[in-house]
Amino acid sequence: MMETAVAAAIYGIAIPLWLYLWHAAEGFSQMRNVRYLWLPFTFALLYLGGNLLLVLFFHEVGLSHYEESRFAFIGERAMIAVQATASVLIVATIVYGLTIRKVPLNFIRFMVFSFVALLGFMAPILWVPESMPGGFATLRHFQTVALIFGLFYCVSGIVVLLKDLVEHGEARVHISSADRSWTE
């Protein structure tokens, strides 16, 4: 029962923390200009709330080997998020570098928040003794919150970047090599 209370507290704290950090990332002010930011903002709250409900209604903790096996599942999702975030940063740097434009500050802000959540709170290792399956379950919930934050900050950054690219779609890229020239 203690593990259920701790897991519920993790999600109970994560929901207002999401609101606070969204404000700190200037997400609320950006939502006025970029309407699609409502999607990652809302879905993050839905996933956090959904996990809270699952913990409250299905509060069983598995054996240590089961709880430990869940980390591979979380790790796979985290790798997808880190790779996607890194890919978006690389593409943005290339596209904006070739067009000699500034990368949107809010894109960078969301990517920083994403990396902090994914690498700062997901990646560190906390060694839980095998005799404490509840410790594995608690750590799993903590890392799930960090993953949700990181994923939806990444999506938010992509939304900001795409809006900026659409607004500046008339930009032309010229690459000259010998007698070839490409224009997009």
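**Entry 1: the core**

A nonpolar core is a set of buried Ala, Val, Leu, Ile, Met, Phe, Trp, Tyr and Cys residues joined through side-chain atoms within 4.5 Å. With that in hand, I opened this model, which is a predicted one, and looked for its largest core. I found 32 residues in it. Trp-18, Trp-22, Leu-37, Leu-48 and Phe-149 have the most contacts inside this core. Next I asked which elements give two or more residues to it, and I noted α1 (2-24), α3 (38-57), α4 (64-98), α5 (105-122) and α6 (133-167). The largest share, nine residues, comes from α6.

I also noted another core, lying apart from this one, with eight residues, including Ile-74, Ala-81, Leu-118 and Met-122.

**Entry 2: around Trp-22**

What does Trp-22 touch, if I skip its neighbours within four places in sequence? I listed Gly-27, Phe-28, Met-31, Leu-37, Phe-41, Phe-110, Tyr-153 and Ser-156.

**Entry 3: two helices side by side**

I turned to α5 and α6, which pack at an angle of about 160 degrees, with axes 8 Å apart. Angles over 145 degrees count as roughly antiparallel, so α5 and α6 are roughly antiparallel to each other. Their crossing is left-handed. I then sorted the residues in the contact of α5 with α6 by class: 17 are nonpolar, six are polar and none are charged.

**Entry 4: an acidic residue in α6**

My last stop was Asp-164, in helix α6. Is Asp-164 buried or exposed? Its relative accessibility is 13%, and buried means under 20%, so I wrote down Asp-164 as buried. Leaving out residues up to four places away in sequence, I saw that Asp-164 touches Tyr-96, Arg-101 and Pro-104.

Notes:
Residues are numbered from 1 along each chain as its sequence is written. This is a predicted model: local features need pLDDT of at least 70, side-chain atom pairs count only at pLDDT 80 or more; totals for chains, interfaces and linings use all residues. Side-chain values use heavy atoms; hydrogens and water are left out. Buried means under 20% relative accessible area, exposed over 50%, partly exposed in between (1.4 Å probe, protein chains only). Helices (H or I, at least four residues) and strands (E, at least two) are DSSP runs, numbered from the N terminus. Contact means heavy atoms within 4.5 Å. Axes are lines fitted to C-alpha atoms, for helices over the stretch in contact, and angles run from 0 to 180 degrees between N-to-C directions. Angles under 35 degrees count as roughly parallel, over 145 as roughly antiparallel, 65 to 115 as roughly perpendicular and the rest as oblique. A crossing is left-handed if the near helix is turned anticlockwise from the far one by less than a right angle, and right-handed if clockwise. Ala, Val, Leu, Ile, Met, Phe, Trp, Tyr, Cys and Pro count as nonpolar, Asp, Glu, Lys and Arg as charged, and the others, Gly among them, as polar.
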